[in-house]
Structure formats: structure tokens, C-alpha cells
Amino acid sequence: MEELHSETKKAEPPSSKVIGLTGGIGSGKTTVAHFIEECGFPVYYSDDRAKTIVNDNDELKVKIKELLGEKAYDENELYDRKFVAEKVFNDKDLLHQLNEIIHPAVRVDFEEWLEKQTKYLVFKETALLFELKLNKQCYKSLLVTAEDNIRTKRVMDRDGKTYREIEAIMEKQMSEKDKIKLADCIIYNNTNLEDLKEQTERIIFDIE
């Protein structure tokens, strides 16, 4: 009877391997994420989920207001990203405190999402993969990078920002050289979408 029971027992599905996906401003990280989804692998968009969570989680709202003041939310009780960005842009300590509030909530949300996944690979997109040492919680890290002048032009064309504005943002981010040293896999997005897609497919199907 024991043998029969063991044969008919439903096998547990293998756990998914989490690949951390990151890239600086203008790198093409989001485009790579969409290519990954086209290949049939799920992507958790940490940055987008964070934008939702800060509006939906009442406990977070209280903590953020205590840290940054009532103006962190507008008259409709929606997170004021422009106000918050200006508040923390030149204050590393304040930014760190804000991250300490938001990122644990995102981590819980990600873990709940992960439990529902069945693919052998899943991807966690986050701009701060290395800065917050989230790569240590991943099976492998995948960096999308490009030359600084190319990234700058992309953001100028996309967002209408000035060169100086983009330069200031890049200076606040970890350098590409440091990210490259930490990354397990690297996609260089310096040419065109066809090349970017080919690199993406080659790398993700080579991950074991």
C-alpha cells in the first residue's frame, strides 16, 4: 500500500530560479523585459509594483508621510512622485530611509507573486538590484547596459530632459563599470532592436 501511495502522490513542482534584471536610465531594461515575456518567461516589474503599493498600502502611506510630510501625497491621497523625488534627490540618508519603508513591502509582494509561478525561470526587474544587494537573493543577475552618450540621447528623445538633468541622474546611480563587475550576464544595447532581441534570447536560453 505504501508503494502505491508513493506512486500516486502528486510531485511537487520545481521551484523557479529568479533572475535579477537591471539597468540604468536609458539602458533599454524595459525593452529587454518585454522580449523576455515574448519568450514565455514571467517578469515581475518591481518599480511599477512599488508605484502601486505606495498608493494601495495604508500602513506605507502613514510611514511615508511621517518621513516626508503630508505633501508626499496629493489632495487625492495619491503618491506625489515629483515632490518625493525632489525631496530625496540630494539627501542620501532620506532616500535610504524611504527605501527601507518601500522595499520590504515590495519584497513581500514579489514573494506572493513568485509562489504563483510555474516556469523554471522568472525575472525580477529592478533598477536597484546591486545598490540594494538584491542580486544576492537571485540565482543570477542580468545587466542591460549601453554607452553613456547613447543612454543620454535616448532619455533626451524619450523624456525631453536636458543633458544636465540626465547627467545629474546618472551621477546618482551606480557606475556602469561597477555594475558590469557584479553582473553574471550582460546585454550591451549599443546598436539596434534586432541585435538587442538576439542577445536577450541567447542569454536567457543559455541560463542553466
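**Exercise 1. Overall layout**

Among contacts in the chain between residues at least 6 apart in sequence, what percentage join residues at least 24 apart? Describe the chain as a whole as well.

Solution.
- The model is predicted.
- Of the contacts between residues at least 6 apart in sequence, 70% join residues at least 24 apart.
- The chain contains 10 helices and 5 strands.
- Its C-alpha trace spans about 70 × 45 × 30 Å along the principal axes.
- Of the 208 residues in the chain, 39% are buried.

**Exercise 2. The sheet**

Work out the order of the strands in the open sheet, and name the edge strands.

Solution.
- The 5 strands of the open sheet follow the order β2-β3-β1-β4-β5, and the pairing is parallel.
- β2 (43–45) and β5 (185–188) are the edge strands, since each pairs on one side only.
- From one strand to the next, the twist averages 20°.
- β1 (residues 17–22) pairs with β4 (residues 140–145) in the parallel sense over 4 bridges. Within this pair, Ser 141 of β4 is the bridge partner of Gly 20.
- β4 is also joined to β5 by 4 bridges, and these two strands run parallel. Here Leu 143 has Ile 186 of β5 as its bridge partner.
- Helix α2 (residues 29–38) lies across β1, β2, β3 (121–125), β4 and β5, at about 150° to β2.
- Helix α10 (residues 193–206) lies across β3, β4 and β5, at about 170° to β5.

**Exercise 3. The edge strand β5**

Which side chains along β5 are buried, and which are not? Then place Tyr 188 in its surroundings.

Solution.
- In a regular strand, side chains alternate between the two faces of the sheet.
- β5 shows this alternation: Cys 185 and Ile 187 point to one face and are buried, whereas Ile 186 and Tyr 188 point to the other face and are not.
- The cut-off for buried is under 20% relative accessible area. Cys 185, at 15%, is buried, while Tyr 188, at 41%, is partly exposed.
- Leaving out residues up to four places away in sequence, Tyr 188 touches Thr 145, Ile 180, Asp 195 and Gln 199.

**Exercise 4. The cysteines**

How many disulfides does the structure hold? Check the sulfur distances for Cys 39 and Cys 185.

Solution.
- The structure holds 0 disulfides.
- For Cys 39, the nearest cysteine sulfur is that of Cys 185, 14 Å away.
- For Cys 185, the nearest cysteine sulfur belongs to Cys 138, at 12 Å.
- A disulfide would need the sulfur atoms within 2.5 Å.
- Cys 39 is partly exposed, with a relative accessible area of 22%.

**Exercise 5. A buried lysine**

Which side chain of opposite charge is nearest to Lys 124, and how far away is it?

Solution.
- Lys 124 lies in strand β3.
- Glu 111 is the nearest side chain of opposite charge, at 7.4 Å.
- A salt bridge requires nitrogen and oxygen within 4 Å; Lys 124 is buried yet has no salt bridge.
- Neighbours within four places in sequence aside, Lys 124 is in contact with Val 18, Ile 19, Gly 20, Leu 21, Tyr 44, Ser 46 and Phe 110.

**Exercise 6. Salt bridges**

How many salt bridges does a search of the whole structure find? Locate the pairs that involve Glu 77, Glu 86 and Asp 148.

Solution.
- The search finds 15 salt bridges.
- One of them joins the side chains of Glu 77 and Lys 65, at 2.8 Å from N to O. Glu 77 lies in the loop between α4 and α5 and Lys 65 in helix α4, so this pair ties together parts 12 residues apart in sequence.
- Glu 77 is partly exposed at 33% relative accessible area, but Lys 65 is buried at 17%.
- Glu 86 and Lys 82 form a salt bridge, with their closest N and O atoms 2.8 Å apart. The two residues are 4 residues apart in helix α5, about one helical turn. Glu 86 counts as exposed at 54% relative accessibility, and Lys 82 counts as exposed at 59%.
- Asp 148 and Arg 151 meet in a salt bridge of 3.0 Å, N to O. Both lie in helix α7 (residues 148–159), 3 residues apart. Asp 148 is partly exposed at 45%, whereas Arg 151 is buried at 2%.
- Salt bridges with shared partners join Asp 148, Arg 151, Glu 176 and Lys 179 into one network.

**Exercise 7. Positive phi**

What is the phi of Glu 77, and what is that of Lys 133?

Solution.
- Most residues other than glycine have a negative phi.
- Glu 77 has a positive phi, near 65°.
- Lys 133, in the loop between β3 and β4, has a positive phi of about 60°.

Methods. Residues numbered from 1 in each chain as written. Predicted model: local features only at pLDDT ≥ 70, side-chain atom pairs only at ≥ 80, totals over all residues. Heavy atoms only, no water. Buried < 20%, exposed > 50% of the residue type's maximum accessible area, 1.4 Å probe, protein only. Pairing = 2+ DSSP bridges. Axes fitted to C-alpha atoms, helices over the stretch in contact; angles between N-to-C directions. Contact = heavy atoms within 4.5 Å. Lys, Arg positive; Asp, Glu negative; His and termini not counted.
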